[in-house]
Amino acid sequence: GNWSRLAAQQSLTQDDLIGGGGSGNVTLIHITDIHAQTQPVWFREPEINLGVGAVAGLPPHLTGAAFRQAFGIAEGSPRDYALTHDDFVALARTYGRMGGLDRIATVVKAIRADRPDALLLDGGDTWQGSLPALRTEGADMVRLFNALGVEAMTSHWEFTLGIDRVREIVEGDLQAAFLGANIFDAEWDEPAFEPMTMVERGGAQIAVIGQAFPYLPIANPGWLFPDLSFGIRQERMAEVVQSARDAGASAVVLLSHNGFDVDRKLAEDVPGIDVILTGHTHDAIPEPVMVGKTALIASGSHGKFVSRVDLDVRDGAVQGIDHRLIPIFSDVIAPDAEMTALVEETRAPFADEMSEVLGTTGSLLYRRGNFNGTWDDLICNALVAEREADIALSPGFRWGATLLPGQEITREDVFNVTAMSYPAAYRTEMTGAFLHTVLEDVADNLFNPDPYYQQGGDMVRVGGMGYRIDVTQPQGSRITEMTLLRTGERIDPDRTYTVSGWASVNEGTEGPPIWDVVEAHIRKQGTVTIDPNQSVDVIAG
Amino acid sequence: GLGALAAAFVLPKVAVAATDDAIAAFTGGASVGQGGITLTAPEIAENGNTVPIEVSAPGAEAIMVLAAGNPNPDVATFNFGPLSGAQSASTRIRLAETQDVVAIARMGDGSFVEARQEVKVTIGGCGG
Amino acid sequence: MADNVKPRVRVPSSATAGEVVTIKTLISHQMESGQRKDDAGNVIPRSIINRFVAAYNGETVIDVTLEPAISTNPYFEFQAKIPESGTMTFTWYDDDGSVYEDSQEITVG
Ligand SMILES: [Mn+2]
Ligand SMILES: [Mn+2]
C-alpha cells in the first residue's frame, strides 16, 4: 500500500543511489539496450536464465535466490526488486517504476559534476523499441542521446532501420562516434565503419573500440543491410586492440554488443582489453566479472541502470577499477527538467495515439526469460485467434516492458513489445517435422555449449503447442513430446499445421502488423488474463 | 524468422565416403597430419549461399577445400605459383547445411596436413 | 558466353621490389551449380567458372580450380610477390569455353 511505498522511498535517496566522488582519474558511464524507452517502466528480470557448458551457474546465469546469495542482496530490498524476478508485483508497487531518460540525465550530470570529462558510452539497441522511435526512424533517440552527450556507440537493432537510414544518421545528426570493428563490406571484405576512437582523459590516451552484434544478418533481416557482413571476428579484434596499444592507448575499453557469454570467451582469447562494457543479453550484474585482467560490466536494459566505471590509469596502464551499477528508481531520482522537456517534445506528435486505452490486464505481463513470458503468451493467443492458426510463434526477444495486474493497456504498451520494422503477422503451413527443426534450430542458438555459436536471444515462444526441452542435449535431440494443445495429440511430423507468427527475417513476408493483431485481440477481450503457461517442460541439466 | 531453412531442408544427406574419396584422390592415400595449416571460417554462416573462408599453409604447393556435408563435397583447389607471396587465399563458398569445412595442404616436401572447422547454417531469427 | 560477366580487380598500382601485395578479384557470374531445378522441374544445366589464374609477367601467382560450391560472383583474395615493374594478368575460364581477362600494371620504383 501507500504507506509501505512511502517508507521504502524515504529509505532511498538520490545521493545514496548515485554515490559520492569516484576514484581514479578516468570515468566511463555506460548505458545499453534502452530500446527507445524514454519513460520510466516496469521491467521484470528473468526467472529462468540458463547457462550451458562452462558458464552454467555463473553470472549472469543466476536468478532469484541464487542471484541474491551471490551478491549479498537482502530479500525484498530495492536491489532485489531491481535485479531479480521474485515477488515482482508486490515489490513493483513498493518501489515504483525504473528508468526514464530524464532521471538518467540527472545521474549523468551528477557524475559529470564530480568528473567533468567522464566518457559517456552507449552499447546500442537505442533507436528501436517504441512507437515514436519507429515513426521517426530513430530520430527521436538520436536527438535525445545527442543531448545526453553520448560520445560513442555501437549497434544492433539500429540496422533494422535499413542501411540507408543508418548511413543518413551516422553521416548526419549523430554526434557520437558510430563504432563497429566487426562491420565489413560484404563485397570487398573491407571495414565499413570506424573500429575505434581514441580520446584523452585524465592525462592518458583511452581507446574505445566498438563491436556490433555479430549475428545481425541471421537474427534480423539481412536484406535490410545487404552489403554488410558482421561476425565475431576474433582475429580482427586482436588486431584492433594491438593497433590501439601501438597508438599509445593506456587503457583499452571494448564497447560491445556481443552478449555476455561471447564477451567472456573473447576476454579469455584476446589479451589486452581492460574493460568490456557488455550489451545485448540485457543482464544487469552488480559487480564486475573478472576474466583474467579484463573487467566485464553488465548494465542491464530499458534504462533501469547506468554504470559508472572509475579507472586509475597511470604509467601507461590501468592500475585499478571501481564500478557502481546505479539503479534508476524513478520515484527517487529527480527528473532533469531540460531532458523532461526534450523527451516530451519528441513524444508530443504521438501522445494522443499512444495514450489510447485498449483494455486492461488481469495478469502480470512480462516477456524476459528463456522460455515463455506472459506478454508473448498474449501475443500468441492473439495470433491463434485473429489469424485462425493451429500454432503461433513469437520470437524470443529480450526487449519489452512489463505491465502489472490491473493496469490499463495502452497502445504505447503494445508498441513497447512489438515496435520494429518487419512486423508482418504471417500465416503459413508447416509440417510437424519442420516445426521440430525450427525449435531445434532456435534452441541451439541459445544453448550451444560454445558461446560463439549463441545469438543471445531467448527461446521462440509457442502458442497452441507444448513441448519438452532438455538443454543439455545436442542439436536435434533437445526437443521432444511436441503436443498440439487443442487436441492433446502429439505433433505428427508428416502432418501440415497452420502456423502464424511475426518478425520473419524473410523479405516479402505478408500480413498485418503485429500491433494491429494484438490490439484487435485485446479490444475483444476487454480484460486479458493469461494463465501460467505449463506447456513447456524444461530439463535444465 | 523462418524459411531461410527451406532450401537446406530438402537437400539430400551426403555420404561421408565422398569426402574421404576426394581426400584420397588428392593425397594418393598418404597419411594426413595436423598443424601448419589454418582454416578461418565464421562460426555461423550469415548466408549459406556465400560463406567466407580463408586457408593458409606456409610452404604449401596446393590447398584443397572440401565441404563435407554438401551433396558434392568438392569446393576448390588453390595451386600456388612461383610468385605467390604467401600460401594463403580467401574465397566464398556454398554450404547446404551445418557441416565441417575441410582444408588439406600438399606441402613442399610432399607431406599432407589438414584443418577442419564446423560452420553452422541456421534459420536465425530472434535476439536481445 | 554467359551474360553480363564483368571482372573487377583491386591491385596496388605501385610496390617496392620484392614486396608482397594483396590482390582481390571479383567476377559477376551466376555459377549455376547444376543441382537446381527450374519451375517446370527440369535440372538447370551446370554453368560455372571452373578455373582462375593470376600471373605476373607470365609467371603464375595462383591457379585455382573451382567447383559448383563456389558462390555466385566468385571472389578471391591472395598475396603476390612483385619482383619488378610489370603486368598482373587475371584469367577466368567458363564451362561454355568463354575466357574472361583483366590486367593491371604495377610500377616498382
Ligand atoms: Mn541486441
Ligand atoms: Mn537489446
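## Exercises on a predicted three-chain model

The side chains of B:K120 and A:D444 form a salt bridge, 2.6 Å from N to O (a Lys or Arg side-chain nitrogen within 4 Å of an Asp or Glu carboxyl oxygen). This model is predicted: local features need pLDDT of at least 70 and side-chain atom pairs pLDDT 80 or more, while totals for chains, interfaces and linings use all residues. Residues are numbered from 1 along each chain as written, chains are lettered from A and ligands numbered from 1 in written order, and side-chain values use heavy atoms, with hydrogens and water left out.

**Exercise 1.** Describe the contact between chain A and chain B.

*Solution.* Start with the residues: chain A brings 48 and chain B brings 23, where contact means heavy atoms within 4.5 Å.

Next, take the area. About 2,500 Å² is buried between the two chains, with 57% from carbon and sulfur atoms; buried area is the accessible area (1.4 Å probe) that two parts lose on being put together, summed over both. On the chain A side, A:I218, A:F434 and A:Y453 supply 26% of the buried area, more than any other three residues.

Then count the links: there is 1 salt bridge between chain A and chain B.

**Exercise 2.** Which protein residues hold the manganese ion (ligand 2), and where do they lie?

*Solution.* First, list the donors: A:D33 (OD), A:H35 (NE2), A:D125 (OD) and A:H282 (NE2), at 2.0 to 2.2 Å from the ion. Donors are N, O and S atoms within 2.8 Å of the metal (3.2 Å for Na, K and Ca); water is not among the atoms, so sites may look incomplete.

Second, look at the neighbouring ligand. Manganese ions ligand 2 and ligand 1 are 3.4 Å apart, and A:D125 coordinates both.

Third, place two donors in the chain. A:D33 sits in the loop between strand 1 (26-31) and helix 3 (64-71) of chain A, and A:D125 in the loop between strand 2 (119-122) and helix 7 (131-135), so the pair ties together parts 92 residues apart in sequence. Helices (H or I, at least four residues) and strands (E, at least two) are DSSP runs numbered from the N terminus.

**Exercise 3.** How many salt bridges join chain C and chain A?

*Solution.* The count is 3. One of the pairs in a salt bridge is A:E187 with C:R8, 2.6 Å from N to O.

Now turn to area: about 600 Å² is buried between chain C and chain A. C:R8, C:R10 and C:K24 supply 66% of what chain C buries there, more than any other three residues.
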